[in-house]
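Reader: Hi! I'm new to this one and would love a friendly walk through it. Could you take me round?

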Amino acid sequence: MQTKVKVREQKILLVDDLDYNRQLLRNNLTALFSREKLKYKAFSYFQAHNASSALLTFSQQLPDIVFLDIELPDGSGLELLTRFKEQKPDCFVVMVSGVSTLENVKTSIASGAASFIVKPFTADKILAVLKQFDRYYDKLPKAASEPLIQKP
Amino acid sequence: MNLLFAEDDKLLAQLFQLQAESEGHQVIWADNGDAAVQQALSYQFDLIFMDIQMPILDGVSAMQMLRQLGYDRPIVAMSAEEVTAVGFDLVLKKPLLWPEVQQQLTKFKAIPSITLELPTELKEAYLAHAKQLLQQLVVLSEQQNWIDFMAIVHQLKGSAASFDLAPLSQLAAQLQSEWETIPLGQRTERATYFLEQCKACKLK
């Protein structure tokens, strides 16, 4: 009898209106995944350059991690955060912003953001987030990643 | 080590800074809890000293906010009263006595900093993009279209430093922080000055 094991690759969604920022982030994520001792490092990447495409990609892919810029051309990342958490409450959302006002940080935490990166990007900031994800993901109940054994 | 000292009493902060710097540490001072959170999120500190009673955001709330955001580096509380909040790595009794601080400091280690990977092609592509933005700014400034002008300045502030163009980010940040206070009649002049400063950065 064949046992079906569902291999589950994790997904990252990068939301930023500037293409270069997404590239930089993706480059550094892959570099850190290969260089640092991290538990979860098999990811596929999805990208969105504005709020509406982010919403669409999110509902199609239901990513595990989102890097979400707050200042988007067609809306606020904070509004998206609320919608994402409604669709997938255990999603690990990292807010990204050039302005870390107390208001922004407070609203982010209250709406369920896991972390907050103040631009500019540095490798230390990105690594801190990935280490946090490792701890977070370990604690999640993982029904989806367990082997799916077909019962007779 | 790189230390963040969050304390609203300026004299205490200066004293700490003198003592710590004489031992070879670098100290950045934050005079309230909000500033401390913002500084801490730069992830450039090995250790944070956090006063409990501070304006805008107290030390316990600032620590809790950081912990909620996954900040896992050490935070030391400083207080004359007992501190019961969970999340501090250590509580130092105020007034701080330097020999004791010195002894406690040996328990913590400097955290090695890692560098951002920036492929040359990506850096060059961004550079070309930044030059284009600066040209757009010249046009927008002539048109006195300040809304679009400042939108681009905001973008430069957020992104340039990630691509090894920190001076450009700083200039943009400075302009942004001043902008609302500049009278309408002086905006063209200030914008021109900003563009000249950017030019002087010699984007390479």
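Author: Happy to! One definition to begin with: a residue counts as buried if 20 or more other C-beta atoms lie within 10 Å of its own, and as exposed if 12 or fewer do. Also keep in mind that this is a predicted model.

Reader: Okay, let's try that out. Is Lys157(B) buried or exposed?

Author: Lys157(B) has 23 other C-beta atoms within 10 Å, so it is buried. You'll find Lys157(B) in helix α6 of chain B, which covers residues 146-159.

Reader: And what does Lys157(B) touch?

Author: Leaving out residues up to four places away in sequence, Lys157(B) touches Ser169(B), Ala172(B), Ala173(B) and Gln176(B), along with Gly98(A) from the other chain. There is also a distance to look at: Leu175(B) is 18 residues from Lys157(B) along the chain, and their C-alpha atoms are separated by 9.5 Å.

Reader: What about Glu178(B), buried or exposed?

Author: Glu178(B) is exposed, because it has 11 other C-beta atoms within 10 Å. Glu178(B) belongs to helix α7 of chain B. Between Glu178(B) and Glu82(B), the C-alpha atoms are 42 Å apart in space, with the two positions 96 residues apart in sequence.

Reader: Let's zoom out. How many helices and strands are in chain B?

Author: Chain B has eight helices and five strands. Along the sequence they come in the pattern β-α-β-α-β-α-β-β-α-α-α-α-α.

Reader: Why is chain B said to be more spread out than a compact globule?

Author: For 204 residues the globule rule gives 17 Å, while the radius of gyration of chain B is 21 Å, well over that, so chain B is more spread out than a compact globule. Its C-alpha atoms fill a box of roughly 60 × 40 × 35 Å along the principal axes, and 30% of the 204 residues count as buried.

Reader: Which strand of chain B is mostly covered?

Author: One that is mostly covered is β4(B), residues 75-79, where four of the five residues are buried. β4(B) runs parallel to β3(B), residues 47-51, and four bridges join the two. Asp51(B), for instance, stands opposite Met78(B) in β4(B).

Reader: Now the helices. How far does α5(B) reach?

Author: Helix α5(B) takes in residues 120-142, and its 23 residues reach 33 Å from the first C-alpha to the last, close to the 33 Å expected at 1.5 Å a residue. Its buried residues are Tyr126(B), Ala130(B) and Leu137(B). Just after α5(B), Gln144(B) takes a positive phi of about 55°.

Reader: What covers those buried residues of α5(B)?

Author: The cover includes α6, α7 and α8 of chain B, together with α1 of chain A.

Reader: So chain A comes in there! How many residues of each chain are in contact?

Author: 29 residues of chain A are in contact with 32 residues of chain B. On the chain A side, the elements giving two or more residues are α1, α4, β7 and α5 of chain A. Of these, α5(A) gives the most, with eight residues. By class, that side of chain A has 16 nonpolar, nine polar and four charged residues.

Reader: Then tell me about α5(A). Which of its residues are buried?

Author: They are Lys125(A), Ile126(A), Ala128(A), Val129(A), Leu130(A) and Phe133(A). These residues pack against α1, β3, β6 and β7 of chain A. As for its length, the 17 residues of α5(A) should span 24 Å at 1.5 Å a residue, and the end C-alpha atoms are 25 Å apart, which agrees. The helix lies across β3, β6 and β7 of chain A, running at about 175° to β7(A).

Reader: What order do the strands of that sheet in chain A take?

Author: Five strands form an open sheet with parallel pairing, in the order β2-β1-β3-β6-β7. β2(A) and β7(A) stand at the edges with a single partner strand each, so one side of each is left without a neighbour in the sheet. On average, and ignoring direction, neighbouring strands here are turned by 20° against each other.

Reader: Last one: how many bridges pair β3(A) and β6(A)?

Author: Five bridges, in the parallel sense. Among the bridge partners, Ile65(A) is matched with Phe92(A) in β6(A).

Note on methods:
Residues numbered from 1 in each chain as written. Chains lettered and ligands numbered in written order. Predicted model: local features only at pLDDT ≥ 70, side-chain atom pairs only at ≥ 80, totals over all residues. Expected span 1.5 Å × (residues − 1). Contact = placed C-beta atoms within 7 Å. Pairing = 2+ DSSP bridges. Axes fitted to C-alpha atoms, helices over the stretch in contact; angles between N-to-C directions. Rg over C-alpha atoms; globule rule 2.2 N^0.38 Å. Nonpolar A, V, L, I, M, F, W, Y, C, P; charged D, E, K, R; others polar.
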